[in-house]
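I set out to go through this model with a short list of things to look up, and I keep the entries in the order in which I took them.

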Amino acid sequence: QVQLVESGGGLVRPGGSLRLSCSASGNIFSISRMGWYRQAPGKQRELVAAITSEGSTNFADSVKGRFTISRGSAKNTVSLQMNSLKPEDTAVYYCNLYSRYGNYWGQGTQVTVSS
């Protein structure tokens, strides 16, 4: 019923930037928040950043000051601007949509930060 498609991942050098985008489609109602999670091999999936329907944002301490999150004008898209990337940012990044009707995930996009 709901599909989330991520784009923008890739290989970047330390200190570089990437912008991830997520587009939601299907039966989307009452979105509470959209956000980005990431998961590195052998580690649990963790919240990177989220934005509520009211525009409030939340960031992991490790990315504060470096990443920003925003919603598109149609409110079915979300982007994550990642600046000053570090090797420890390397992970698969997943788009998330949370509403009263469910918690939905994209397939993920790989971000690799390496010199």
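Entry on burial. Before reading any accessibility I fixed the cut-offs: a residue counts as buried under 20% relative accessible area and as exposed over 50%, with partly exposed in between. The model is a predicted one, and I keep that in mind throughout. I tried the cut-off on D89, whose relative accessibility of 1% is under 20%, so D89 counts as buried.

Entry on the salt bridges of D89. I asked which residues pair with D89 through salt bridges, and I noted R38 and R66. The side chains of R38 and D89 come together with N to O at 3.0 Å, while for D89 and R66 the closest N and O atoms are 2.8 Å apart. The bridge between D89 and R66 links distant parts of the chain, since D89 sits in the loop between strand 8 and strand 9 and R66 in the loop between strand 6 (57-59) and strand 7 (67-71), 23 residues apart. R66 has a relative accessible area of 9%, so I entered R66 as buried. Salt bridges with shared partners join R38, E46, R66 and D89 into one network.

I then went back to the pair of R38 and D89, which meet in a salt bridge. This pair also links distant parts of the chain, with R38 in strand 4 (residues 31-39) and D89 in the loop between strand 8 (77-82) and strand 9, 51 residues apart. R38 is buried, as is D89.

How many salt bridges does the count come to? I get four, and one of them I had still to write down: the side chains of K64 and D61 meet with N to O at 3.1 Å. In contrast to the buried D89, D61 is exposed, with a relative accessible area of 64%.

Entry on the disulfide. I searched the whole structure for disulfides and found one. It joins C22 to C95, with the sulfur atoms 2.0 Å apart, and the link of C22 and C95 is left-handed, with -85° about the S-S bond. Why does this link tie together parts that are 73 residues apart in sequence? Because C22 lies in strand 3 (residues 18-26) and C95 in strand 9 (residues 91-99). I checked both cysteines for burial as well, and C22 and C95 are each buried.

Entry on the open sheet. I followed strand 3 into its sheet, where four strands form an open sheet in the order 1-3-8-7 with antiparallel pairing. Strand 1 (2-7) and strand 7 stand at the edges with a single partner strand each, so one side of each is left without a neighbour in the sheet. The twist from one strand to the next averages 15°. Within this sheet I looked at strand 3 and strand 8, which run antiparallel and are joined by six bridges; L20 stands opposite L80 in strand 8.

Entry on strand 11. I asked which strands are joined to strand 11, and I noted strand 2 and strand 9. Strand 2 (residues 10-12) runs parallel to strand 11, with three bridges between them, and V12 stands opposite V113 in strand 11. Strand 9 runs antiparallel to strand 11, also with three bridges, and here V92 stands opposite Q110. In a regular strand the side chains alternate between the two faces of the sheet. For strand 11 (residues 109-113) I wrote down a covered face made of T109, V111 and V113, and an uncovered face made of Q110 and T112.

Entry on the loop after strand 8. S84 is found in the loop between strand 8 and strand 9, and I flagged S84 for its phi near 50°, a positive value in a residue other than glycine. With a relative accessible area of 41%, S84 is partly exposed.

Entry on cavities. I counted one cavity of 30 Å³ or more, and for the largest cavity I entered a volume of about 30 Å³. What lines the largest cavity? I listed V2, N27, I28, F29, L97, S99, Y101 and Y104.

Conventions
Residues are numbered from 1 along each chain as its sequence is written. This is a predicted model: local features need pLDDT of at least 70, side-chain atom pairs count only at pLDDT 80 or more; totals for chains, interfaces and linings use all residues. Side-chain values use heavy atoms; hydrogens and water are left out. A disulfide is a pair of cysteine sulfur atoms within 2.5 Å. Helices (H or I, at least four residues) and strands (E, at least two) are DSSP runs, numbered from the N terminus. Buried means under 20% relative accessible area, exposed over 50%, partly exposed in between (1.4 Å probe, protein chains only). Two strands pair if DSSP finds at least two bridges between them. Axes are lines fitted to C-alpha atoms, for helices over the stretch in contact, and angles run from 0 to 180 degrees between N-to-C directions. On a 1 Å grid over the protein atoms alone, a cavity is a set of points where a 1.4 Å probe fits but cannot get out, and a pocket is an open set with protein on both sides within 12 Å along at least five of seven lines; lining residues have an atom within 4 Å of a point. Grid points are joined across faces, edges and corners, and a volume is the space filled by probe spheres set on the points.
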